[in-house]
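Student: Could you take a close look with me at the part of this model that lies beside DNA strand F? After that, I'd love to hear how that part fits with the rest.

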There are 4 protein chains.
Amino acid sequence: MTQELTIDGRTRRAKAQRISRRAHILSTAERVFAAKGYHQTRISDIIRAAGIARGTFYIYFESKNGIFHELLDQLLVELRATVVGVETGPAAPPVAEQLLETVTRIVRAVEDHRALTRIILREAVGLDAEVDRKLREFYGSLQLFVSGSLENGKRLGIVRDLDTDVVASCILGSVKYLLEQNLMLGPTSDTDAERIGRAVLDYNLRGVLP
Amino acid sequence: MTQELTIDGRTRRAKAQRISRRAHILSTAERVFAAKGYHQTRISDIIRAAGIARGTFYIYFESKNGIFHELLDQLLVELRATVVGVETGPAAPPVAEQLLETVTRIVRAVEDHRALTRIILREAVGLDAEVDRKLREFYGSLQLFVSGSLENGKRLGIVRDLDTDVVASCILGSVKYLLEQNLMLGPTSDTDAERIGRAVLDYNLRGVLP
Amino acid sequence: MTQELTIDGRTRRAKAQRISRRAHILSTAERVFAAKGYHQTRISDIIRAAGIARGTFYIYFESKNGIFHELLDQLLVELRATVVGVETGPAAPPVAEQLLETVTRIVRAVEDHRALTRIILREAVGLDAEVDRKLREFYGSLQLFVSGSLENGKRLGIVRDLDTDVVASCILGSVKYLLEQNLMLGPTSDTDAERIGRAVLDYNLRGVLP
Amino acid sequence: MTQELTIDGRTRRAKAQRISRRAHILSTAERVFAAKGYHQTRISDIIRAAGIARGTFYIYFESKNGIFHELLDQLLVELRATVVGVETGPAAPPVAEQLLETVTRIVRAVEDHRALTRIILREAVGLDAEVDRKLREFYGSLQLFVSGSLENGKRLGIVRDLDTDVVASCILGSVKYLLEQNLMLGPTSDTDAERIGRAVLDYNLRGVLP
DNA sequence: TATGAATGAGGGTTCATTCAT
DNA sequence: TATGAATGAACCCTCATTCAT
């Protein structure tokens, strides 16, 4: 082993450690934020829970607000990934199926990030202008996706004539509210998730009339 | 005029002034909270806007949190009044009609208290345990009302067989999200309100399928 | 006494108290700054010495930097007043006499504000851009005054031909340095002050050659 | 080559490197201190500018204060060298000439260490007790030298009867202030330096009277 | 009742210095 | 010797609440 390699090894190890440390703080903060809420969370809480010194926090993150934004971005990217990429071309699967898949994927993603989603849903709104912008953009892109799918469905004759904007909002709202409700309770079982998914789909497709 | 009467008059006038002053501070706080958000609002902001002294605020209200809870209670009572009291007896109007009325009433109530609702939706969640409890209770009672109506509808044969709990959540969610969206924009015109009301009703009743 | 007068009395008393409190903090800060230096002075030091609470300090002054600037401004105004206003017209007293008077006045002013001057001389330079600007402006105006007087003297034939800019700097420098030296020692007696004043004048007028 | 010699070579090379590295950090710190001022300078600024690691700094210097003291000492020694060593014996050149030479030498020395001198003049005063002591000692020794020269001049009949202490202070002050003024501006040209040197000398020798 | 000056418990952030590698 | 991540003591400032007048 030449010295270069040794140094390389050290550097690599150090870098890996830095990344894992960062991830550790990030996930700790996620937990603390979820438990106490953004405003009730003190930097002291995070560093105590993470077992690090005060200054160490500021090596890895710019500020309390900064780490929150990082968590927010992380979640929004992840959630967006569960929705974006649905085909609406002529050869694509029927809208109903796509929506079911989307719902299932979202439910799973939210389940995978209970704590994070809980924070976002409960704390992010109205926190600061930048957060608001990000959330608006996020919901806006979802809205576009859903209303686009509905328009497509109308063209294909598998969706009846309706106010796509309003209905897209309704669909988003119904899914969002269901997720909120379930997050506030304990973890949702897979069967529950499926039951809820089917019910919301059925409702969205056929309404409540007989 | 005896002295007693004079004192009575004084007392009455003083009492009236106390009440009106309290109302003045309350409505001022509502405006300020709505404009800046709960956390960004300082007691200084409220007293400056209300034109009162610092100490005066604490004569009428226990704390910043206290006045917020008062506004919250006020709104929840008002909103609840738009929903509660719907008849589900055999002689009652059809569920469809009742829902339309309810939606219309809610939209109007929210429009009447834009500022307050805006705060509740954006700031109240996760503020403290007590607020959370109140909101849970509020949404819970709405949920019960809606799912009860649905059950009733099922018995009457005017609602098809569906998971009433999940669907009730969906209905609440769709209405709530629409209200959120519209609150963040400018004031909704009456025609818009009606259009949206009809669209959400139509969607909830018949779904998206042709 | 009508109620208005009573209120007036209260208001007046309160205002007076506020002013005196402010002055108290200001003079305390002056003492502390002079004793420990700007950077070594903590807000804690000032409030402890002034016998006030932390928050009280911030009622009267914006910040540590703010109170320092106030002291600085106060001194510069006072010192400027000892220098500005000298007549240079044809009917004015001879330059020599004017300079002597100026020196005497400056020495007295500095003696009256030992602590303050000590801070300004020792701490102000290089503290921040604004302080630098103020000091540059202050010394600049002195320089202008002195060189103007010299020019005038030249025209009147009571000052020989010399580089007025450089010589004005020299005069300022010699006075400034003497003041610095004396401030660092104990208080200067009146006789010392006069002796020094005469010596510096004599030196400035006639130089060191026989 | 024996092993000892090799080791000797290594040791020597290592030592040389150590010395040059130390000098490198020192001169970098000088630059940074001059640019940002002592208090605004962070260790981070120095190590970044020097291209070394955090810990390395502390191998070569004890502390931020330590490296500053080293720069201070270095400058004071250098400046002292421009003043000390002037002969005052009977065979020595006339005082006037000696003073002119001294002024010229000081101006040059200051020009050679603009950055450092700038720091000393702007930041050192009041930094800590030790710095104050060193500066007092430095100026004290200059004062002694100048007043000694004046006394000597008086004995030789080339300096008139005057308060040597006060006048020594004046001379120092005038030179110091001029240097300060020029340091704050851009670099002084040689001709400017000479012009200023002659003017200050002329002024010091003959005063302002015709 | 009304006032507004006073309070003081924190909170987030900085940065000189240390130390394991 | 060189590194740079880790440390934690300090510091300035905020602001909800109190209380003497």
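Tutor: Happy to. One convention first: the element names stand for DSSP runs numbered from the N terminus, with a helix being a run of H or I of at least four residues and a strand a run of E of at least two. Please also keep in mind that this is a predicted model.

Let's start at DNA strand F. It has 33 residues around it, and those that come nearest are Ala53(A), Gly55(A), Gly55(B), Gly55(C) and Gly55(D). Which elements supply at least two residues each to the surface near DNA strand F? From chain A they are α1 (3-36) and α3, and from chain B they are α2 (43-50), α3 and α4 (64-83). Chain C adds α2 (43-50) and α3, while chain D adds α3. By class, this surface divides into eleven nonpolar, eleven polar and eleven charged residues.

Now turn to DNA strand E. Here 34 residues surround the strand, and the closest are Gly55(A), Ser63(A), Gly55(B), Gly55(C) and Gly55(D). Two or more residues each come from α2 (43-50) and α3 (54-60) of chain A, and from α3 (54-60) of chain B. Chain C contributes in this way through α1 (3-36) and α3 (54-60), and chain D through α2 (43-50), α3 (54-60) and α4 (64-83). The surface near DNA strand E holds eleven nonpolar, eleven polar and twelve charged residues.

How do the protein chains meet one another? On one side, 35 residues of chain B are in contact with 35 residues of chain A. The elements of chain B that give two or more residues to this side are α6 (114-124), α8 (164-184) and α9 (190-206). Of these, α8(B) gives the most, with eleven residues. By class, the side of chain B that touches chain A has 18 nonpolar, ten polar and seven charged residues.

Chain C and chain D form another pair, with 35 residues of chain C in contact with 35 of chain D. Two or more residues each are given to the chain C side by α6 (114-124), α8 (164-184) and α9 (190-206) of chain C. The most come from α8(C), which gives eleven residues. This side of chain C divides into 18 nonpolar, ten polar and seven charged residues. Because 100% of the interface residues of chain C are also interface residues in chain D, the copies meet through the same surface.

The symmetry of this pair can be read from a superposition. A turn of 178° with a shift of 0.1 Å along the axis lays chain C on chain D, with an RMSD of 0.3 Å. That is the relation of a two-fold axis. In chain C, Gly207(C) has the C-alpha nearest the axis, 2.0 Å from it.

What about the other pairings? Chain A and chain C do not touch, and their nearest C-alpha atoms are 22 Å apart. Chain B and chain C also have no contact joining them, and their closest C-alpha atoms lie 13 Å apart.

Finally, a look at individual chains. Chain A has nine helices and zero strands. Its radius of gyration is 21 Å, well over the 17 Å that the globule rule gives for 210 residues, so chain A is more spread out than a compact globule. Along its principal axes, the C-alpha trace of chain A spans about 70 × 45 × 35 Å. Buried residues make up 33% of the 210 residues in chain A. Among the contacts in chain A with a separation of 6 or more, 69% come from residues 24 or more positions apart.

Helix α7 (residues 129-156) of chain A has 28 residues and reaches 40 Å from its first C-alpha to its last, close to the 40 Å expected at 1.5 Å a residue. The residues Leu142(A), Val146(A), Ser149(A), Leu150(A) and Gly153(A) of α7(A) are buried. Just after α7(A), Gly157(A) takes a positive phi of about 80°. In chain B, the buried residues of α7(B) are Leu142(B), Val146(B), Ser149(B), Leu150(B), Asn152(B) and Gly153(B). After α7(B) comes Gly157(B), whose phi is positive, near 80°.

Definitions and conventions. Residues numbered from 1 in each chain as written. Chains lettered and ligands numbered in written order. Predicted model: local features only at pLDDT ≥ 70, side-chain atom pairs only at ≥ 80, totals over all residues. Buried ≥ 20, exposed ≤ 12 C-beta atoms within 10 Å, placed from the backbone. Contact = placed C-beta atoms within 7 Å. Least-squares fit on C-alpha atoms with pLDDT ≥ 70 in both. Nonpolar A, V, L, I, M, F, W, Y, C, P; charged D, E, K, R; others polar. Near = placed C-beta within 6 Å. Rg over C-alpha atoms; globule rule 2.2 N^0.38 Å. Expected span 1.5 Å × (residues − 1).
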